[in-house]
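Please open the model in a viewer and set the display to cartoon. The tour below proceeds by successive selections.

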Amino acid sequence: MQPRIFIVIPAFNEARRLGTVLDSLAPCGHRIVVVDDGSADRTADVARRHGCYVLRHTSNRGQGAALQTGITFALREGADVVVTFDADGQHHPSDLPALLAPILSRRADVTLGNRFLSTQSNVPPLRRVVLQVARWFTRAASGVRVGDCHNGYRAFSRRAAETVALKQDRMAHASELYDQIRAARLTFEEVPVTIRYTADTLAKGQKLSNSFSVLFQYLYGKIAQ
Amino acid sequence: MTTFQTVFIAVCAIQAVLALRRFIKTRQVTALAFLAAWTGAVFAIANPDLSTIAANSVGIGRGVDFVTYSVLVIFLWGHYQHYLRYKRVENEVTLLVRELAIAHATRPLPDSDTRTGSPVTT
């Protein structure tokens, strides 16, 4: 029996770029769940027109919250594997088979995309430095030895998706995820994925100055637990 | 007694009475804490030497330093408590928004040309 693979895409004001992303994913034939995180534009309409499951947050709750909504929904729909994918076109469907392989062959519970293992990624120098610092911090804080962090291209087995419970609603969920992987002793593999930065994605994507905000969210979250 | 002392003692005393009323009505520990704080303020303003005596008893030279440190600690503690409460409320809002989103999830009709989604029954 074919595994039921769900691709979860959190989207906030992505009406302009989402269509291209969904077109690129269409040949994969997997079920696509778009979580519209309280967008003010026609993100949900674009997703509906492309034959996706569409969930709409009535207010903007953040990427972590949107991902957890999509994962919860996918599990209730009977997903065997859940993939998380960005709505801005930075991720490439061509990396999907490599991301799924460790899960489908039961070698790992989670696969994590690693942009630094791919020669095709064009990470800007300053972002590369910030991501390296974040990687060291992640290793120190969670004890999970990862080569990349805050990369939204990931795949989860059903067991892993059921185990993960993101409580960090905003960007700090990426760091929280590593804590949960370690706490639940989930096995993981890193897979090379290509992240293409363009002026467009850099303009809307995470600002480097947000790094401190993410750090404080994560630390406060840990204290508040 | 200076004008400053008169005005501030009056304000603090009114607040102390209000805190006392609230404590009698609700029996909340928070109200009791505010009653103690406002009453302490009344005595500290009426007799500034009191804060110096309290400061000296814990090894601090000046009463004003003792008051400053105390207020800082209390303020940070209060801020942290508010943050915890804020996070709890935020999490509850997210859970509500999530369940609402799942309850109203749509998928397109089998006809790929459709422009409207149909509710998903889970």
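**Strands and a crossover in chain A**

In this predicted model, begin by selecting strand S2 (residues 31-36) of chain A together with S3(A): the two run parallel and are joined by 4 bridges. To inspect an individual pairing, select A:Asp36, whose bridge partner in S3(A) is A:Arg56. Next, add H2(A) to the selection; S2(A), H2(A) and S3(A) make a right-handed β-α-β unit.

**The interface of chain A and chain B**

Now display both chains and select the residues in contact, which are 25 in chain A and 23 in chain B. Between them, chain A and chain B bury about 2,200 Å², with 55% of that area on carbon and sulfur atoms.

Which side chains might be shown as sticks for a salt bridge? Select A:Arg76 and B:Glu99, whose side chains meet in a salt bridge at 3.0 Å, N to O. The rule finds 3 salt bridges across this interface. Polar contacts between chain A and chain B amount to 9 residue pairs, both residues being at pLDDT 80 or more.

**The side of chain A that touches chain B**

Colour four elements of chain A next: helix H2 (43-49), strand S3 (53-56), helix H3 (63-76) and helix H9 (210-224) each supply at least two residues of the side that touches chain B. Of the elements on this side, H3(A) gives the most, with 6 residues. Finally, colour this side of chain A by residue class: its residues divide into 9 nonpolar, 8 polar and 8 charged.

Conventions:
Residues numbered from 1 in each chain as written. Chains lettered and ligands numbered in written order. Predicted model: local features only at pLDDT ≥ 70, side-chain atom pairs only at ≥ 80, totals over all residues. Heavy atoms only, no water. Contact = heavy atoms within 4.5 Å. Buried area = accessible area lost by both parts, 1.4 Å probe. Salt bridge = Lys/Arg side-chain N within 4 Å of Asp/Glu carboxyl O. Polar contact = N/O pair within 3.5 Å; in protein donor to acceptor, adjacent residues only side chain to side chain. Nonpolar A, V, L, I, M, F, W, Y, C, P; charged D, E, K, R; others polar. Pairing = 2+ DSSP bridges. Right-handed = clockwise from strand over helix to strand, strands pointing away.
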